Amino acid sequence: MKHYEVEILDAKTREKLCFLDKVEPQATIAEIKNLFTKTHPQWYPARQSLRLDPKGKSLKDEDVLQKLPVGTTATLYFRDLGAQISWVTVFLTEYAGPLFIYLLFYFRVPFIYGHKYDFTSSRHTVVHLACICHSFHYVKRLLETLFVHRFSHGTMPLRNIFKNCTYYWGFAAWMAYYINHPLYTPPTYGAQQVKLALAIFVICQLGNFSIHMALRDLRPAGEWPAGDWEWLGQVGESHLPLLSCPPGSKTRKIPYPTKNPFTWLFLLVSCPNYTYEVGSWIGFAIMTQCLPVALFSLVGFTQMTIWAKGKHRSYLKEFRDYPPLRMPIVPFLL
C-alpha cells in the first residue's frame, strides 16, 4: 500500500508547520488534525482549518485523503480559527441570560424604576401574562438545547458568544424595561387583543417544538438531528451545525410532514421552525404592543430569512426530487 506524505503550511506566512510521513490513504482530515495536534498541542482539532488552497474553503473532517485532488505528497494549509467553545454552552448562556434579565425587571428590583417602585407589582394582567410567555419561551429553549438538539460541529469561536449574548441579553433588557415599567399602558383593544395574541404565541410555540421533534426523529436512533437556529451546510467559517447528521456520517434526508398537524407546514416551507419562531414573537409583540418587541421580531425575521434561504438552496442543490412548492420561510412568498 502506497502511503502519503502530508506537508502542513501556515496559510498566511507559508511557513512549514508540520510534515507527516507514512499517512494512510484512507486517513480523514479529522485524523490528520489529530496528528497535527501532537506536534502543536496549542492548536486542538476544533480550532484547526485545513484547506487545499490558502484562500480556499475548509476541508470537511470526513474528507478522505486519497479522494482529494492531491498527489502522494499533499500540501495542506492551516488556519487558526481561534479559541473554541461548545455550542451547548453558547446556547445555554444565550438563553439563560434573557430569562434572568427579564425577571429582574418584572420583579422591579431596586435601581431600575426608582425607589418607590422597588419590588412592586403591575396592576395589568397582560404584564404578568407576558412574563409567563417570555419565561416559557426561554425555558423551552434551554430544555431543547439539553434534550432535543444535537450539533454536528461541537464548537464555535469563543468570540461569537459575546456577540450573541449582546443581541439576546440586550433586547431582553430593552423589551422588559418597557413592558414592566410602572407607566406601561395595556394594548389598545384590551383583552380581545391579548387573547388573540396569546393564541398565536401558544400555537407557534407548539409548532416550533413539533418541528424540532420531527427533525430529531428524522434519523434512526443514535443519529444526530439539527438544532434550532442552524442550517444545512456551512457559511464561510461560521461552522453552523449540519442538519440531521449522524456521527461519522453526513447523510441527509428531506424532512416531510408527520401525523402531527403542526408539521404539515413542511408542505409549504423548508424551515417551518423559523416560521413558527417568528410567529411566536409576532404574537408577543401584538400582546404587549411594545416597539422593542416588534423590532426584535423584525431583526429575528431578517436573520432567519437569511438562514432559511441558505438551507433552502442547500436542499435544492442536494436533492433533485425536493418538493417544488416549498418556499424558504413564508408560504408562497419568501
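Leucine 268 touches Leu325, Arg326, Met327, Pro331 and Phe332 in this predicted model, when residues up to four places away in sequence are left aside. The residue sits in the loop that runs between α5 (190-216) and α6 (272-288), and its contact with Pro331 joins positions 63 residues apart in sequence, whose C-alpha atoms are 5.3 Å apart in space. Leucine 268 counts as partly exposed because its relative accessibility is 22%, and the lower limit of that class is 20%.

Threonine 37, by contrast, belongs to helix α1 (residues 29-39), and its relative accessibility of 17% places it among the buried residues, since buried means under 20%. Its contacts, again without residues up to four places away in sequence, are Trp43, Tyr44, Pro45 and Gln48.

A nonpolar patch on the surface is formed by Trp174, Tyr177, Tyr178, Leu291, Leu295 and Leu298, which together have about 570 Å² of accessible area. The elements that contribute two or more residues to this patch are α4 (159-179) and α7 (291-318). Tyrosine 177, one of the patch residues, is located in helix α4 and is partly exposed, with a relative accessible area of 31%.

The accessibility of the three residues discussed is set out below.

| Residue | Relative accessible area | Class |
|---|---|---|
| Leucine 268 | 22% | partly exposed |
| Threonine 37 | 17% | buried |
| Tyrosine 177 | 31% | partly exposed |

Technical notes. Residues are numbered from 1 along each chain as its sequence is written. This is a predicted model: local features need pLDDT of at least 70, side-chain atom pairs count only at pLDDT 80 or more; totals for chains, interfaces and linings use all residues. Side-chain values use heavy atoms; hydrogens and water are left out. Helices (H or I, at least four residues) and strands (E, at least two) are DSSP runs, numbered from the N terminus. Buried means under 20% relative accessible area, exposed over 50%, partly exposed in between (1.4 Å probe, protein chains only). Contact means heavy atoms within 4.5 Å. Patches are made of residues with over 30% relative accessible area and no salt bridge: like charges are joined within 9 Å, nonpolar side chains (Val, Leu, Ile, Met, Phe, Trp, Tyr) within 5 Å. Accessible areas come from the Shrake-Rupley method with a 1.4 Å probe; for residues, only the protein chains shown count as cover. A salt bridge is a side-chain nitrogen of Lys or Arg within 4 Å of a carboxyl oxygen of Asp or Glu.
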